[in-house]
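Please open the structure in your viewer and keep the selection tool at hand. The tour below goes from one selection to the next and says what can be found at each stop.

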Amino acid sequence: MARISIIGTGNMGQAISTALTRGGHAVELLGQAEADQPVTGEIVVLAVPYPALAEIAAARAGQLAGKVVVDITNPVNFETFDSLTVAADSSATAELAAALPGARVLKAFNTTFAATLASGTVGENATTVLIAGDDAEAKSALAEAVTSSGLRAIDAGALSRARELESMGFLQITLAAAEKISWTAGFAVVA
């Protein structure tokens, strides 16, 4: 089983921890109180708001070198809910990868809500975690952790696909904020 560190103890951090623990993985949750504690996982999930990524990258770059680093953020303009805050030809994950050149950066978990991760289902379907990245071995390690936890994993392609995943996450968030879908609902991938 994998050793996984999750930075962020909010709804998503806790839900990801619940899901991955269900799969038998050793999971550590690191919040503000543990800001100086080194990460021990070979997979590190950044379950924080988008603006926190730059600070984490600056503070922990040395610790994250060589590790699989998973960005779950959706860089949504939360003042207007009308756009993403990154350049149209980029993504939060691309920015993170540039800030952490020694890490194996992936995008995942951003197209799911906490409730569907914790329950493991979207309606009658298994919750699907879409994973984008350029490192096949890193994607495989994360996919194994996800599927062993009762969730479904789909390789969504290269790191450049993170932009589309962020757009999907943005759409889902805006639908829930407008009360068109529930925060316990979400997109299901049926194949």
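Begin by selecting Lys107, which is buried, with a relative accessible area of 0%; bear in mind throughout that this is a predicted model. Add Asp71 to the selection, and you will find a salt bridge between Asp71 and Lys107, whose closest N and O atoms are 2.9 Å apart. Because Asp71 belongs to strand β4 and Lys107 to strand β5, this pair ties together parts that are 36 residues apart in sequence. Asp71 also counts as buried, at 0% relative accessibility.

Stay with strand β5 and select Arg104, which is partly exposed, with a relative accessible area of 21%. Its side chain meets that of Asp135 in a salt bridge of 2.9 Å, N to O. Asp135 sits in the loop between β8 (128–133) and α5 (136–148) while Arg104 is in strand β5, so parts that are 31 residues apart in sequence are tied together. Arg104 forms a salt bridge with Glu137 as well, with the closest N and O atoms 3.1 Å apart, and since Glu137 lies in helix α5, that pair ties together parts that are 33 residues apart in sequence. Glu137 is exposed, with a relative accessible area of 59%.

Now show the strands as a cartoon and look at the sheet as a whole. In which order do the 7 strands of the open sheet run? The order is β2-β1-β3-β4-β5-β8-β9, and the pairing is mixed. At the edges stand β2 (26–30) and β9 (152–157), each with a single partner strand, so one side of each is left without a neighbour in the sheet. From one strand to the next, the twist averages 25°. For a single pairing, select residues 43–46 and 68–71, which are strands β3 and β4, paired in the parallel sense over 4 bridges; here Ile43 stands opposite Val68 in β4.

Turn next to the aromatic rings, of which the structure holds 2 pairs. Phe78 and Phe81 are arranged edge-to-face, 5.4 Å centre to centre and with 85° between the planes. In the pair of Phe113 and Trp183, the ring centres are 4.9 Å apart and the planes are at 45°, so this pair is tilted. Phe113 counts as buried at 8% relative accessibility, whereas Trp183 is partly exposed at 46%.

Finish by selecting Met168, Leu171 and Phe187, which make a nonpolar surface patch of about 230 Å². Phe187 lies in the segment after α6.

Definitions and conventions
Residues are numbered from 1 along each chain as its sequence is written. This is a predicted model: local features need pLDDT of at least 70, side-chain atom pairs count only at pLDDT 80 or more; totals for chains, interfaces and linings use all residues. Side-chain values use heavy atoms; hydrogens and water are left out. Rings of Phe, Tyr and Trp (its six-membered ring) pair if their centres lie within 6.5 Å; planes under 30 degrees apart count as stacked, over 60 as edge-to-face and the rest as tilted. Buried means under 20% relative accessible area, exposed over 50%, partly exposed in between (1.4 Å probe, protein chains only). Patches are made of residues with over 30% relative accessible area and no salt bridge: like charges are joined within 9 Å, nonpolar side chains (Val, Leu, Ile, Met, Phe, Trp, Tyr) within 5 Å. Accessible areas come from the Shrake-Rupley method with a 1.4 Å probe; for residues, only the protein chains shown count as cover. A salt bridge is a side-chain nitrogen of Lys or Arg within 4 Å of a carboxyl oxygen of Asp or Glu. Helices (H or I, at least four residues) and strands (E, at least two) are DSSP runs, numbered from the N terminus. Two strands pair if DSSP finds at least two bridges between them. Axes are lines fitted to C-alpha atoms, for helices over the stretch in contact, and angles run from 0 to 180 degrees between N-to-C directions.
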